[in-house]
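This briefing is about how helices pack in one protein chain and about one of its pockets. Please keep the sequence and the 3D view at hand while reading.

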Amino acid sequence: MEKAFGRRKKQCLDRLDASKKGSVDAGAVRVVSLLNGFENYCTTSSCSGRIVLVDGVPESRGVQKQNCVWLFVSHQKCQAQDLVSALAGSTGDAALKFEPFVLHVQCRRLQDAQLVHSVAVNSGFRNSGLTVSKAGKIVAAVRSTHGLEVPLSQRGKLLVGQDYIHVLVRVANQKMEENLKRIHRFYTNLQSALTAGQLQELQIRESSPTPEAETDEDAAKDGDGRKVYRRRRKRERRQTDCRHGNTDSGQPELEDCLDLFAGGAVGVEPAN
């Protein structure tokens with residue numbers, strides 16, 4: 001399992017970015033780099049958060065995703081005029097969306113995923129969760145609930161005035177600002193938690209006996225056990241010889257028997 005995770009991580013990091021943008025969002029770079037710098041984590045997808053104007057007409061020109069055309073997209077705060085200009089190209093059902101930060105992290109162990117989940121929830125991403133596949137793949141998903149989706153046009157016809165669009169942009173920008181604060185909080189808390197966890201594991205490794213020491217200790221125990229066993233067998237043999245009176249041994253036999261009793265059985269208290 002350990003080698004399989006390392007192999008999957010290498011393959012994942014070596015692959016080209018398959019997103020439309022083709023690179024990690026600037027707002028998520030620090031978090032992604034931090035996690036991938038630890039051997040127990042591998043980020044598989046991320047988005048720092050975005051303000052999107054989508055149009056539900058797949059025939060239109062532009063970047064398409066799930067039968068929608070992206071008329072406008074920004075990973076930072078935007079201006080109302082940007083949306084007004086983009087709405088001029090709508091021929092279907094346009095909607096303004098704010099999608100908060102999302103991150104998926106494959107983890108080596110369940111406790112690693114639990115750490116990411118705990119930090120995410122405490123940093124404001126309360127819709128986060130964990131999944132474990134049948135194959136044992138463990139993924140932590142960092143998500144939030146402060147999204148926004150508002151329809152602006154239908155079949156190319158604008159449904160709202162520019163004043164309302166300005167209000168929506170102000171709300172979307174506030175959500176984006178809060179989103180970036182949560183990302184920073186998540187990064188700071190995650191950095192502390194990962195560092196503390198790494199130090200704790202290091203202390204546990206240092207305090208635990210090395211495999212060589214354990215092997216030597218076991219060997220010593222085994223050696224002592226064999227010696228005790230041999231002594232017991234020798235004493236039992238002597239005791240049997242004394243009982244049956246083996247006359248071939250002569251005087252040494254008597255000395256052996258005396259030695260058996262004079263030496264005393266281990267663990268037997270002398271009589272008063």
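A crossing of two helices counts as right-handed if the near helix is turned clockwise from the far one by less than a right angle, and as left-handed if it is turned anticlockwise. By that rule, H4 passes H5 in a right-handed crossing. The model is predicted. Helix H5 covers residues 162-207, and the points below describe its packing with H2, H3 and H4, followed by a pocket that H5 helps to line.

**Describing the packing**
- Two packed helices are described by the angle between their axes and the distance between the axes.

**H4 with H5**
- Helix H4 spans residues 110-122.
- The axes of H4 and H5 are 9 Å apart, and the two helices pack at an angle of about 145°.
- On the H4 side the contact is made by Leu115, Val116, Val119 and Ala120, and on the H5 side by Phe186, Asn189, Leu190, Ala193 and Leu194.
- This contact of H4 with H5 has eight nonpolar residues, one polar residue and no charged residues.

**H2 with H5**
- Helix H2 is made up of residues 29-36, and its axis comes within 10 Å of the axis of H5, crossing at roughly 15°.
- Because angles under 35 degrees count as roughly parallel, H2 is roughly parallel to H5.
- The crossing of H2 with H5 is left-handed.
- From H2, the residues Arg30, Val31, Leu34 and Leu35 meet Ile183, His184, Phe186, Tyr187, Leu190, Gln191 and Leu194 of H5.
- Eight nonpolar, two polar and one charged residue form the contact of H2 with H5.

**H3 with H5**
- Helix H3 runs over residues 80-87; its axis and that of H5 come within 9 Å and cross at roughly 125°.
- That angle makes H3 oblique to H5.
- H3 passes H5 in a right-handed crossing.
- Ala80, Leu83, Val84 and Leu87 of H3 meet Gln162, Ile165, His166 and Val169 of H5.
- The contact of H3 with H5 divides into six nonpolar and two polar residues, with no charged ones.

**The second largest pocket**
- The volume of the second largest pocket is about 350 Å³.
- Its lining is made of 16 residues, of which Asn40, Arg109, Gly197, Gln198 and Glu201 are the closest to the centre of the pocket.
- H4 and H5 each supply at least two residues of this lining.
- Which helix gives the largest share of the lining of the second largest pocket? The largest share comes from H5, with eight residues.
- The lining of the second largest pocket has six nonpolar, five polar and five charged residues.

Technical notes:
Residues are numbered from 1 along each chain as its sequence is written. This is a predicted model: local features need pLDDT of at least 70, side-chain atom pairs count only at pLDDT 80 or more; totals for chains, interfaces and linings use all residues. Side-chain values use heavy atoms; hydrogens and water are left out. Axes are lines fitted to C-alpha atoms, for helices over the stretch in contact, and angles run from 0 to 180 degrees between N-to-C directions. Helices (H or I, at least four residues) and strands (E, at least two) are DSSP runs, numbered from the N terminus. Angles under 35 degrees count as roughly parallel, over 145 as roughly antiparallel, 65 to 115 as roughly perpendicular and the rest as oblique. Contact means heavy atoms within 4.5 Å. Ala, Val, Leu, Ile, Met, Phe, Trp, Tyr, Cys and Pro count as nonpolar, Asp, Glu, Lys and Arg as charged, and the others, Gly among them, as polar. On a 1 Å grid over the protein atoms alone, a cavity is a set of points where a 1.4 Å probe fits but cannot get out, and a pocket is an open set with protein on both sides within 12 Å along at least five of seven lines; lining residues have an atom within 4 Å of a point. Grid points are joined across faces, edges and corners, and a volume is the space filled by probe spheres set on the points.
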